[in-house]
Amino acid sequence: MESVLLVEGLGVDGDAHSGTTVQHVFRKKSHPTEPNLRQVHLIQAELFGELAQNGFEVRPGDLGENITTRGIDLLDLPEGTLLRIGPDAVVQVTGLRNPCRQIDRFQPGLLKAVLPRDKAGKVLRKTGVMGIVLTSGMVSIDDEIHVEVPAGPQRRLRCV
């Protein structure tokens, strides 16, 4: 899409995951009143090139992300980082996206490719970050994103 409307406290206008409480099908069944920390999914475009080197064809939007970034190491941002996108929108990073095996329906073997292990055997989650909308705004292709890392002690991102 050329643009999306981010709505404060809800997420992406018209998106299946928009809402104040959890919208993920599996989580909604067991914890329907849990706050929705997955209102917006952002993924780094650099992942697509990495996947292409391994024989996968993945384009922006194919993995369900709402916003594709370039030049920002999303996976290394601390919890609570603010992303000021375009003239108005503000998204607060809440955690890592934890993809499920449904991703293999898109392309067999893709789940393993986006969840590799480091030398110590720890799983690396490469499918972007999730966030909540703090300030509404229209987000368009080529909008600048300004990153504001929180002051004080920082917490590494965990799955949300």
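# Pockets, cores and strands

Reader: How much space lies in the second largest pocket?

Author: The model is predicted, and the space in this pocket was computed from it. The residues lining the second largest pocket include Leu75, Leu124 and Arg156. The space in that pocket comes to about 270 Å³.

Reader: How do the residues lining the second largest pocket divide into nonpolar, polar and charged?

Author: The lining is made of Leu75, Asp76, Leu96, Lys122, Val123, Leu124, Arg125, Lys126, Arg156 and Leu157. Leucines and a valine stand there beside residues such as Asp76 and Lys122. The division is five nonpolar, no polar and five charged.

Reader: Leu124 lines that pocket. Is Leu124 buried, partly exposed or exposed?

Author: Leu124 sits in the loop between helix H4 (110-114) and S7. Its relative accessible area is 34%. Buried needs under 20% and exposed needs over 50%, so Leu124 counts as partly exposed.

Reader: Which residues does Leu124 touch, leaving aside neighbours within four places in sequence?

Author: Leu124 and Cys159 are 35 residues apart in sequence, and their C-alpha atoms are 11 Å apart in space. Cys159 is not in the list of contacts of Leu124. That list consists of Val114, Leu115, Pro116, Arg117 and Asp118.

Reader: What is the volume of the largest pocket?

Author: This pocket is lined by 48 residues, and the closest to its centre are His41, Leu63, Gly64, Glu65 and Asn66. S1, helix H1 (25-30), S4, helix H3 (103-106) and S8 each give at least two residues to the lining. The volume is about 1,400 Å³.

Reader: How many nonpolar, polar and charged residues line the largest pocket?

Author: The residues closest to the centre include Leu63, Gly64 and Glu65. In this count, leucine is nonpolar, glycine is polar and glutamate is charged. Over the whole lining, the numbers are 21 nonpolar, 14 polar and 13 charged.

Reader: Which strand supplies the largest share of the largest nonpolar core?

Author: That core has 19 residues, and those with the most contacts inside it are Leu6, Val40, Leu42 and Ile85. Strand S1 (3-7), strand S3 (40-44), S5, strand S6 (89-96) and strand S7 (129-135) each supply at least two residues of the core. In soluble globular proteins, nonpolar side chains tend to be buried together. The largest share, four residues, comes from S6.

Reader: Which residues are named in the second, separate core?

Author: The largest core has Leu42 among its members with the most contacts. Leu42 touches residues beyond four places in sequence, including Ile67, Leu83, Ile85 and Val129. The second core is separate, has 14 residues and includes Leu51, Val58, Leu110 and Leu115.

Reader: What are the bridge partners of Ile85 in S6 and in S9?

Author: S5 runs antiparallel to S6 and is joined to it by four bridges. S5 also runs antiparallel to strand S9 (residues 145-148), again with four bridges. The partner of Ile85 in S6 is Ala89, and in S9 the partner is Ile145.

Reader: Which residue in the hairpin of S5 and S6 takes a positive phi?

Author: The two strands of this hairpin have three residues between them. The phi in question is near 65 degrees. The residue is Gly86.

Reader: Which are the edge strands of the open sheet S2-S1-S8?

Author: The three strands stand in the order S2-S1-S8, with antiparallel pairing. S1 and S8 pair over four bridges, and Ser3 stands opposite Ser140 in S8. An edge strand here pairs on one side only, as is the case for strand S2 (11-12) and strand S8 (137-140).

Reader: Is Asp142 buried or exposed?

Author: Asp142 lies in the loop between S8 and S9. Its phi is near 70 degrees, which is a positive value in a residue other than glycine. The relative accessibility of Asp142 is 75%, and the cut-off for this class is over 50%. Asp142 therefore counts as exposed.

Reader: What distance separates the C-alpha atoms of Arg70 and Asp142?

Author: Arg70 is in the loop between strand S4 (67-69) and strand S5 (82-85), and at 63% relative accessibility it counts as exposed. Not counting residues up to four places away in sequence, Arg70 touches Ala45 and Glu46. Asp142 is 72 residues from Arg70 along the chain, and their C-alpha atoms are separated by 9.7 Å.

Technical notes:
Residues numbered from 1 in each chain as written. Predicted model: local features only at pLDDT ≥ 70, side-chain atom pairs only at ≥ 80, totals over all residues. Heavy atoms only, no water. Buried < 20%, exposed > 50% of the residue type's maximum accessible area, 1.4 Å probe, protein only. Contact = heavy atoms within 4.5 Å. Core = buried A, V, L, I, M, F, W, Y, C linked by side-chain atoms within 4.5 Å. Pairing = 2+ DSSP bridges. 1 Å grid on protein atoms, 1.4 Å probe; cavity = no way out; pocket = protein on both sides within 12 Å on 5 of 7 lines; lining within 4 Å. Points joined across faces, edges and corners; volume = space filled by probe spheres on them.
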